[in-house]
Amino acid sequence: MRIAFFLLIFLAQSQAQVDVQRTAQGWRIGNTKIALELIASPSGAVKVASLRNVSSKAEWAAAATASGPALAWVSTPLPEPGFVFVSATTRELPDGAKELSLHSEHKSSRARLILHIRCYPQSAVLEYEAQLENAGSTTLPLVDRISPLVLTLPAGPTELYTAAEKEEHGFRPAGKVASRAESSNWVVLRRGAESMLVGGDLGAGILDWRVALD
């Protein structure tokens, strides 16, 4: 089993009760500051319906685009069709936080992909965790990378800020996102007057952590 983490944070702080509920398309998780809606049906892969700042109503996701987790394979990937949604579970966490877990399965190999999304009452934060499990009888192809967070931004200018070098603090401008860019550290995406921080466990120099922007 392999696990990976990401944090998605709108730069706002407020006490806000967490809510997880079924919707006509799938599931919704959020609070009074941040709301994520997902399309989840047994006929296909999990997709993002909306990710928005509730206070400003700013939309951060292009509708009906891919959601995580995404897998990068070292060898030949699993054959198509890929992972399809099979079920969802929710649970209460300490201090008012809640978790939504979306379970997907690759039918021919019986590989299982689980996306855990956690929301906290203290701030506009979503925490992503991905798990890959082999429930079949044969060895899975070697996986190079698990990306819990996959997000397609709506059209419009986006400015990129990257974490400062060692012994420095804060974030520094890295220009507009016009083509592919990568960072091995946390990044801030800014659209207009709003910003979103994308960060996670850097792996203490052992695991390879990075953000890829296409």
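**Salt bridges, sheet pairing and buried polar residues**

Nine salt bridges are counted in this structure, which is a predicted model. One of them joins the side chains of Arg91 and Glu99, with a nitrogen-to-oxygen distance of 2.8 Å. The two partners differ in their surroundings: Arg91 is partly exposed, because its relative accessible area of 45% falls between the limits of 20% and 50% that set off buried from exposed residues, whereas Glu99 counts as buried at 4% relative accessibility. Glu99 also meets the side chain of Arg118 in a salt bridge, here with an N to O distance of 2.7 Å. Since Glu99 belongs to strand S9 and Arg118 to strand S10, this pair ties together parts of the chain that are 19 residues apart in sequence. Both Glu99 and Arg118 are buried. Through salt bridges that share partners, Arg91, Glu99, Arg118, Glu127 and Glu129 are joined into one network.

A further salt bridge is formed by Glu92 and Lys98, whose closest N and O atoms are 4.0 Å apart. Glu92 is exposed, its relative accessible area being 60%, while Lys98 is buried, with a value of 18%, which is under the 20% limit used for that class.

Arg191, in strand S16 (residues 187-191), presents another case of a charged residue. This arginine is buried yet has no salt bridge, and the nearest side chain of opposite charge, that of Glu194, is 7.8 Å away; this distance lies outside the 4 Å within which a nitrogen and a carboxyl oxygen must come for a salt bridge to be assigned. The side chain of Arg191 is nevertheless engaged in polar contacts. One is made with the side chain of Thr158, at 2.8 Å, and a polar atom of the Arg191 side chain also lies 3.3 Å from the backbone oxygen of Ala155. When residues up to four places away in sequence are not counted, Arg191 touches Trp60, together with Leu153, Pro154, Ala155, Gly156, Pro157 and Thr158, so that both polar partners, Ala155 and Thr158, are found among its contacts.

A second group of contacts involves Ser109, which is placed in the loop between strand S9 (98-106) and strand S10 (111-119). Ser109 counts as buried because its relative accessibility is 11%, under the 20% limit. Its side chain is joined to that of His106 by a polar contact of 2.9 Å, and a polar atom of the Ser109 side chain lies 3.2 Å from the backbone nitrogen of Ala111. Beyond four places in sequence, Ser109 touches Leu78, Asn134, Gly136 and Leu140.

Leu78, one of these contacts of Ser109, is found in a loop of its own, between strand S7 (70-73) and strand S8 (84-92). At 13% relative accessibility Leu78 likewise counts as buried. Its contacts, leaving aside neighbours within four places in sequence, are with Trp73, Phe83, His106, Ser109, Ala111, Leu140 and Pro141; this list includes His106 and Ala111, the residues with which the side chain of Ser109 makes its polar contacts. Leu78 and His106 are 28 residues apart in sequence, and their C-alpha atoms are 8.2 Å apart in space.

With regard to strand pairing, five strands make up an open sheet in the order S2-S3-S4-S5-S6, with antiparallel pairing. Its edge strands are S2 (19-22) and S6 (65-66), each of which pairs on one side only. Strands of a sheet pair through backbone hydrogen bonds, in either a parallel or an antiparallel sense. At the S6 edge, strand S5 (residues 47-53) pairs with S6 in the antiparallel sense over two bridges, and Ala66 in S6 is the bridge partner of Lys47.

Further along the chain, Val211 lies in strand S18 (residues 211-213). This valine is buried, since its relative accessible area is 8%. The C-alpha atoms of Val211 and Ser147 are separated by 9.0 Å, although the two residues are 64 residues apart along the chain.

Notes:
Residues are numbered from 1 along each chain as its sequence is written. This is a predicted model: local features need pLDDT of at least 70, side-chain atom pairs count only at pLDDT 80 or more; totals for chains, interfaces and linings use all residues. Side-chain values use heavy atoms; hydrogens and water are left out. Helices (H or I, at least four residues) and strands (E, at least two) are DSSP runs, numbered from the N terminus. Buried means under 20% relative accessible area, exposed over 50%, partly exposed in between (1.4 Å probe, protein chains only). A polar contact is a pair of N or O atoms within 3.5 Å; within protein, one must be able to donate a hydrogen and the other to accept it, and residues adjacent in sequence count only if both atoms are side-chain atoms. Contact means heavy atoms within 4.5 Å. Two strands pair if DSSP finds at least two bridges between them. Lys and Arg count as positive and Asp and Glu as negative; His and the chain ends are not counted.
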